[in-house]
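Ready for a little bench-side structure reading? Keep the viewer open and try each task before you look at its solution.

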Amino acid sequence: MTKKQRPINLDLMMFQFPLTAIASILHRISGVIIFFAVGCFVWLLGLSLSSPEGFIEASTIVDHFLMKLILWGFLTALFYHLLGGIRHLLMDFGCIEENLKLGIRSAQVVMVITVLLSILVGIIIW
């Protein structure tokens with residue numbers, strides 16, 4: 001038996017991922033962001049509903065610049081995850097043909113709409 005030559009050190013930065021792979025990876029990352037952020041926002045909601053002092057404390061937290069940035073990032077992840085999920089459902093139901101050209105085009109549409117919604121939400125938050 002001959003021994004296959006395998007790479008010893010694989011440099012992942014030399015690979016160029018296709019847009020469809022990037023869209024899939026971003027969909028998974030946005031899901032993880034939503035999973036962890038929802039817990040924080042539920043805690044914040046509970047704090048605001050606990051008492052009048054809790055509401056004032058929650059209002060102070062939400063008015064902070066860093067919290068607005070976190071909220072903006074969460075909403076951007078939520079929009080991307082929602083639109084990416086709709087894209088996958090349309091592909092699963094056969095509304096979008098599963099070929100490379102339409103896969104790239106639908107990923108581009110999802111990303112462009114996400115950027116536009118993110119800008120709109122950023123304007124509303126600030």
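Below are four short exercises on this predicted model, each with a worked solution.

**Exercise 1. The overall fold**

Task: Work out which elements the protein chain contains and how spread out the chain is.

Solution:
- Begin with the elements: there are four helices and zero strands in the protein chain.
- Read from the N terminus, their order is α-α-α-α.
- Next, take the radius of gyration, which is 20 Å, well over the 14 Å that the globule rule gives for 126 residues, so the protein chain is more spread out than a compact globule.
- Finally, look at the extents: the C-alpha trace spans about 75 × 40 × 25 Å along its principal axes.

**Exercise 2. Surface and charge**

Task: Describe what the protein chain exposes and how its charged side chains are placed.

Solution:
- Start with burial: 25% of the 126 residues are buried.
- Now turn to the surface, where the protein chain exposes about 9,700 Å², with carbon and sulfur atoms supplying 73% of it.
- For charge, count 8 positive and 7 negative side chains. The centres of these two sets are 19 Å apart.

**Exercise 3. Two serines in one helix**

Task: For Ser30 and Ser48, decide whether each is buried or exposed, then find the partners of each.

Solution:
- Locate them: Ser30 is in helix α1, and Ser48 is in helix α1 too, which covers residues 19-50.
- Apply the cut-off for buried, under 20% relative accessible area. Ser30 has 4% relative accessibility and therefore counts as buried. Ser48, at 17%, also counts as buried.
- Check the side-chain polar atoms. One in Ser30 lies 2.8 Å from the backbone oxygen of His27, and one in Ser48 lies 2.8 Å from the backbone oxygen of Leu45.
- List the contacts, setting aside residues up to four places away in sequence. Ser30 meets Ala77, Tyr80 and His81, while Ser48 meets Gly54, Phe55 and Ala58.

**Exercise 4. Contacts across the sequence**

Task: Use Phe79 to explore contacts between residues that are apart in sequence.

Solution:
- Place the residue: Phe79 belongs to helix α3, residues 65-92.
- Find its partners beyond four places in sequence: Phe79 touches Thr114, Leu117 and Val121.
- Add a distance: Phe79 and Ile119 are separated by 40 residues in sequence and by 12 Å in space, C-alpha to C-alpha.
- Step back to the protein chain: among contacts between residues at least 6 apart in sequence, 69% join residues at least 24 apart.

Note on methods. Residues are numbered from 1 along each chain as its sequence is written. This is a predicted model: local features need pLDDT of at least 70, side-chain atom pairs count only at pLDDT 80 or more; totals for chains, interfaces and linings use all residues. Side-chain values use heavy atoms; hydrogens and water are left out. Helices (H or I, at least four residues) and strands (E, at least two) are DSSP runs, numbered from the N terminus. The radius of gyration is taken over C-alpha atoms; the globule rule is 2.2 Å times the number of residues to the power 0.38. Buried means under 20% relative accessible area, exposed over 50%, partly exposed in between (1.4 Å probe, protein chains only). Contact means heavy atoms within 4.5 Å. Accessible areas come from the Shrake-Rupley method with a 1.4 Å probe; for residues, only the protein chains shown count as cover. Lys and Arg count as positive and Asp and Glu as negative; His and the chain ends are not counted. The place of a charge is taken as NZ of Lys, CZ of Arg, CG of Asp or CD of Glu. A polar contact is a pair of N or O atoms within 3.5 Å; within protein, one must be able to donate a hydrogen and the other to accept it, and residues adjacent in sequence count only if both atoms are side-chain atoms.
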